[in-house]
Amino acid sequence: MHFTSEQRLDDGVVEREFTLDGIPGFLWTPAGASASAPVPLILLGHPNLGLGRMYPRLVGRARHSAAEGFATATIELPGSGDRPRLPELEEARAELRRAMGAGEPVGDEIIDAVVLPLVERAVPEWRAALDALLALPEIGGPVAYSGGVISIGVRLAVVEPRIVAAGLFAGSLVPRATFDEARRVTIPLHVLLQWDDEGNDRQAALDLFDAFGSKEKSLHANMGGHTGVPPWAGDDAARFFARHLS
């Protein structure tokens, strides 16, 4: 992990940009984080819109988490931002846009082509980032995952034992394979669902929640579209992470 810049935000949060094997990312740590006082870590997932576009939302989440005493980190997804384009994903997304524009049903074949290659590439990168982050003296664990493409979060919850809790946003397409993986998830879950999300299959989101094998799981459904998440939703998530990371 190579840090390329560092700045202290006005609330004392330290923001560092880094690269890891050519993958850009950000790490935010509370002002008091140090080798003598290491802090828990939340991995901030996000959609494949690029870190540049997502930065205002990500830094807002990071500052909120820092106020609770948690470090946060994120990395650019494969094929997004300034990373090289992935032709198979570009073609699949074009077919998705065509089907949706024509008012056609979005079938499993399209969903698999759009989501599964991204999961296969992104999850090993998240795990490598986690290795590097936990090697820093000011990061001590435990670790949680928050937001992002839900299929990536589900896969990480299955394969990464260092993640002890996850807050997932049910706002993306869900392949059938993710339902099978969900039954193997056992960590505590906080799932956010926007009831009128124009790009999300509500019933699929409810079915996925039902499939999760976790003994502790809560579904927080709010009226409104994809970007209409109410302000208090962040407070609910903060209480969830405080309970499992403190």
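Which backbone oxygen lies 2.8 Å from a polar atom of the side chain of histidine 46? It is the backbone oxygen of isoleucine 75. Keep in mind as you explore that this is a predicted model.

## Meet histidine 46

Let's start with where this residue sits. Histidine 46 is found in the loop that links strand 4 (39-45) to helix 1 (51-67). With a relative accessible area of 2%, histidine 46 counts as buried because that value is under 20%.

Its side chain has polar company, too. Besides the backbone oxygen of isoleucine 75, there is the side chain of threonine 74, which makes a polar contact with the side chain of histidine 46 at 3.4 Å. If you set aside neighbours within four places in sequence, the residues in contact with histidine 46 include Leu51, Met54, Leu58, Glu76, Leu77, Gly148 and Val149.

## The sheet

Now step back and look at the strands. An open sheet is built from 9 strands with mixed pairing, and their order is 1-2-3-5-4-6-7-8-9. At its edges you will find strand 1 (2-8) and strand 9 (217-222), each of which pairs on one side only. From one strand to the next, the twist averages 20 degrees.

For a worked example, pick strand 6 (residues 139-147) and strand 7 (residues 163-169): they pair in the parallel sense over 4 bridges. Try finding tyrosine 145 on your screen; its bridge partner in strand 7 is alanine 166.

## Helices across the strands

Two helices are worth tracing here. Helix 1 lies across strand 1, strand 2 (14-20), strand 3 (23-29), strand 4, strand 5 (71-75) and strand 6, and it runs at about 25 degrees to strand 3. Helix 3 lies across strand 2, strand 3, strand 4, strand 5 and strand 6, with an angle of about 155 degrees to strand 4.

## The nonpolar cores

Which residues touch the most other members of the largest nonpolar core? Among its 58 residues, they are Leu41, Leu43, Trp126, Tyr145, Ile152 and Phe212. Helix 3 (residues 108-134) supplies the largest share of this core, with 13 residues. There is also a second, separate core of 19 residues, including Trp28, Val59, Ala144 and Leu245.

Tryptophan 126 makes a nice final stop. Leaving aside neighbours within four places in sequence, tryptophan 126 is in contact with Leu43, Leu44, Gly45, Ala73, Thr74, Ile75, Leu77, Tyr145, Ile152 and Leu156. You have met some of these names before: Thr74, Ile75 and Leu77 are also in contact with histidine 46.

Methods. Residues numbered from 1 in each chain as written. Predicted model: local features only at pLDDT ≥ 70, side-chain atom pairs only at ≥ 80, totals over all residues. Heavy atoms only, no water. Buried < 20%, exposed > 50% of the residue type's maximum accessible area, 1.4 Å probe, protein only. Polar contact = N/O pair within 3.5 Å; in protein donor to acceptor, adjacent residues only side chain to side chain. Contact = heavy atoms within 4.5 Å. Core = buried A, V, L, I, M, F, W, Y, C linked by side-chain atoms within 4.5 Å. Pairing = 2+ DSSP bridges. Axes fitted to C-alpha atoms, helices over the stretch in contact; angles between N-to-C directions.
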